[in-house]
Amino acid sequence: MASARPNTTGPEPVVILDGASKSFGALRALDHVDLRIDPGECLGLVGHNGAGKSTLVNLVTGQFAASEGRVIYPGAKDHRQAGIRAISQEGMLCPNLTVLENLQVVQRDLTGWSWRRLAARRIGAALDAIFPGHRIRPEMPVFDMTLAEQQMVEIAIGFAQGAHPARLVVLDEPTSSLDASISAQLLAHLRRFCAEGGAVVFISHMLGEVFEVADRIVVMRDGHIIADRAAKGFTRQGLVDAMGHVADESHEPSALRIRALGNRSDAILRTPEGVEARKGEIVGLAGLAGHGQAEALARFYLAQSSDWRSLAEPAVVFVAGDRKRDGVMPIWSIRRNLALAALGHLCRLGMVDRAAENALSADWQARIGIRTPDMANPILSLSGGNQQKVLFARALATTAAVVVMDDPMRGVDIGTKTEVYDMIRHEAAEGRTFLWYSTEMDEILNCDRVFVFRDGAISAELEGERITEANILAASFEFGDAA
Amino acid sequence: MINPRLLLPVLSLAVLVAAVFWLQPRAMSYVGVNLLFNLAVPIALATVAQMVIIMVGDIDLSMGAFVSLIACITAAILPENPALGWAMLAGCVLTYAALGALIEARQLPAIVVTLGMSFIWGGAAVLILPSPGGSSPAWLTAIMKAKPPLVPMAIIASVSIAAVAHLLIMRSGFGVRLRALGGNLRAVSRAGRSTVRLRAMAYAVAGVFAVLAGMALVGLTTSGDANIALRYTLLSIAGVILGGGEFTGGRVSPIGAVIGALTLTLAGSFLSFLRLSPDWQIGAQGAILILVLAARLLVRRAEKRA
């Protein structure tokens, strides 16, 4: 493995991670990682959700400081001077600015009267070099451009000439909105860039692309680097196997739990994407985060619930994963938060029946184990896990036949998880249907049927004993060669 | 190449000008044009100030009270004690910058902060000038009431405001970074820039334009009053939107904002020329606003379909 010392023989590395760790609260996203990236290297970085890829990238690009250990940029005082650039997945352009103005936001040496000319030259040169034949003018406003063109601009900004030339460019799913020919141009440019002494970290769910461009592949799992060797040393299947947990005794085979759910044609719901579920079934939506699962759930839920005349009893209820954004009412009490979805039948003559509300919340406090001395306390006095339980109770307290869950266990401790799994299984046995999007493998393995999403569409439907980590991983990553 | 977003503001101004000239041909003269657009100059300055705030994703509900305070300082203190007067004006700009920093650092809603500040500005204005009065510094009146040959002062002032604001906001690197704040805050902080500093700067720029608005107003009216510019809060917001700006996303146009301010002022004169009773004028002004915005919506929709 890489030595932690900067002064080894050979060319000086661009960046060295020396026992770097990063924790978010109790969660250790990155655990004592050693990594060294040399000039001219093209590193493929693969791993499933929560493996620590983005945390690693954020440490390398200086967005996060390491909780433990060090990140060293030999010969430079910080990541900017070291020429480290990041091209992220989530649109880092300002849509109200033009292409060249977006370069001004990132680069510091565009000053003086003729900065526009200089910026236009830099971004134009980068676009010409990476995407010959592109039709992007530097004066074009970003909001007028297609998603692919915006992605091309973002990539070009990452490679554009600047005060500190790019020495290491990190690309996180750069080809997700590019078509095959543009992707091929990018991959060719990456190889050229590395041949000229630049370094690249390339993250993609398209394993074909990773093999095409990377000369070294790093596999991550649970915050550790579990494999780091030349790309030639991997086969595609070997790579997928490496991403999964090799020995997983804790998982009881799903086949043991197969329940009588009736014929497959008895589906009580079906979404446009093709997700379907029978009464009492727990249906999992798996795949890498951001491949359309949350959108599919939201579309289904809104189609069922957004109605001018809202029914007293909703047919579908929603359990939020992003508690802050679409879950808790932050200034309300625990009780009110819990009773919210069931208010329809707690009302008498349009007024909330306090006694019924109290009874309902006391009942659910006991059933789901919300740890608080008083349900009248503010919801924010609870720990994250207990807040999540309140959101579960809110949904389960209704008579809705379908429960939609949008990655609800994000940042929840293992004890709460186990309790909630039991609750879900119990409710499913009583005939409720669950649509469960999760980024965590052990949750998906709890499902009766699993739909794996890739690029906004279903890439595999697994049932019973075919629900295995290996099958889900295989369906999450694209095997085909990049054209 | 003309920005298509500017087409509608320009068109609505042209229609209004034509309507006014048709109703009152005598307005088609040096003096007439100056009278029509005179009072638009402070409104245009306040609108540019509001535009800078809207550009960074906020809204300023204290604009009218702040411009009134500036007018009081300019009329009551600046003529007698210029040093103190200038120091107070500079202090007002610095306070604006501090508000911007506070809003960003504590993640406060600007609408609440500025609403609260409007009472402070209003109170300070009453303290400085309890009853309407004061006087305008002679040099200020001389500038505002100057009679340059050929083109009236009101037009020269409006064009210069638009030009300066355009250069500062749309062309300079500094303006680009401020607009980036409204476009994608995360991109700005990811690029390693201090969003607190940038928002403070945006508020300082707005403060400077608002100070100029208050001074211009005193230069025209030659006296101050604690309630002199309360209408400016809503007028400035309407002017920004009329000029093609949007409430979110940092999409604004300084030239459009000035044109919007001119259009709003002219709408008032137009209604007077129609001999509409003053009781109905505010409502009618609102109707004109709705008309223009509805037209804009239709244009947008057509654009989207195309």
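# Exercises on a predicted two-chain model

Chain A has an open sheet of 6 strands in the order 5-6-7-3-8-9, with mixed pairing. Keep in mind that this model is predicted.

**Exercise 1.** Find which strands are the edge strands of this sheet in chain A, and work out how its neighbouring strands are turned.

*Solution.* Start from the strand order, 5-6-7-3-8-9. Strand 5 (84–87) and strand 9 (224–230) of chain A are the edge strands, as each pairs on one side only. Next, look at the twist: on average, and ignoring direction, neighbouring strands are turned by 15° against each other.

**Exercise 2.** Zoom in on strand 3 and strand 8 of chain A: do they pair in the parallel or antiparallel sense, and over how many bridges?

*Solution.* Here's a bit of background: strands of a sheet pair through backbone hydrogen bonds, either parallel or antiparallel. Strand 3 (residues 42–46) and strand 8 (residues 216–221) of chain A go together in the parallel sense, over 4 bridges. To pin down one partner, take Val46(A): its bridge partner in strand 8 of chain A is Val219(A).

**Exercise 3.** Which strands of chain A does helix 1 lie across, and which does helix 4 touch?

*Solution.* Take helix 1 (residues 53–60) of chain A to begin with: it lies across strand 3, strand 5, strand 6 (168–172), strand 7 (199–203) and strand 8 of chain A. Its direction is at about 155° to strand 6 of chain A. Now for helix 4 (residues 147–159) of chain A, which packs on the sheet and touches strand 5 and strand 6 of chain A. Helix 4 makes about 175° with the direction of strand 5 of chain A.

**Exercise 4.** Describe how helix 5 and helix 11 of chain B cross.

*Solution.* Two packed helices are described by the angle between their axes and the distance between the axes. For helix 5 (residues 82–105) and helix 11 (residues 195–221) of chain B, the axes come within 7 Å and cross at roughly 145°. The crossing of these two helices of chain B is right-handed. Then check who makes the contact: Leu89(B) and Val93(B) are among the helix 5 residues, and Ala200(B) and Val208(B) are among those of helix 11. By class, the contact residues split into 17 nonpolar, 3 polar and 2 charged.

**Exercise 5.** How many residues does each chain bring to the contact between chain B and chain A, and which helix of chain B gives the most?

*Solution.* Count by chain: 16 residues come from chain B and 15 residues from chain A. On the chain B side, helix 9 gives the most, with 7 residues. Sorted by class, that side has 5 nonpolar, 7 polar and 4 charged residues.

Note on methods:
Residues numbered from 1 in each chain as written. Chains lettered and ligands numbered in written order. Predicted model: local features only at pLDDT ≥ 70, side-chain atom pairs only at ≥ 80, totals over all residues. Contact = placed C-beta atoms within 7 Å. Nonpolar A, V, L, I, M, F, W, Y, C, P; charged D, E, K, R; others polar. Axes fitted to C-alpha atoms, helices over the stretch in contact; angles between N-to-C directions. Left-handed = near helix turned anticlockwise from the far one by under 90°. Pairing = 2+ DSSP bridges.
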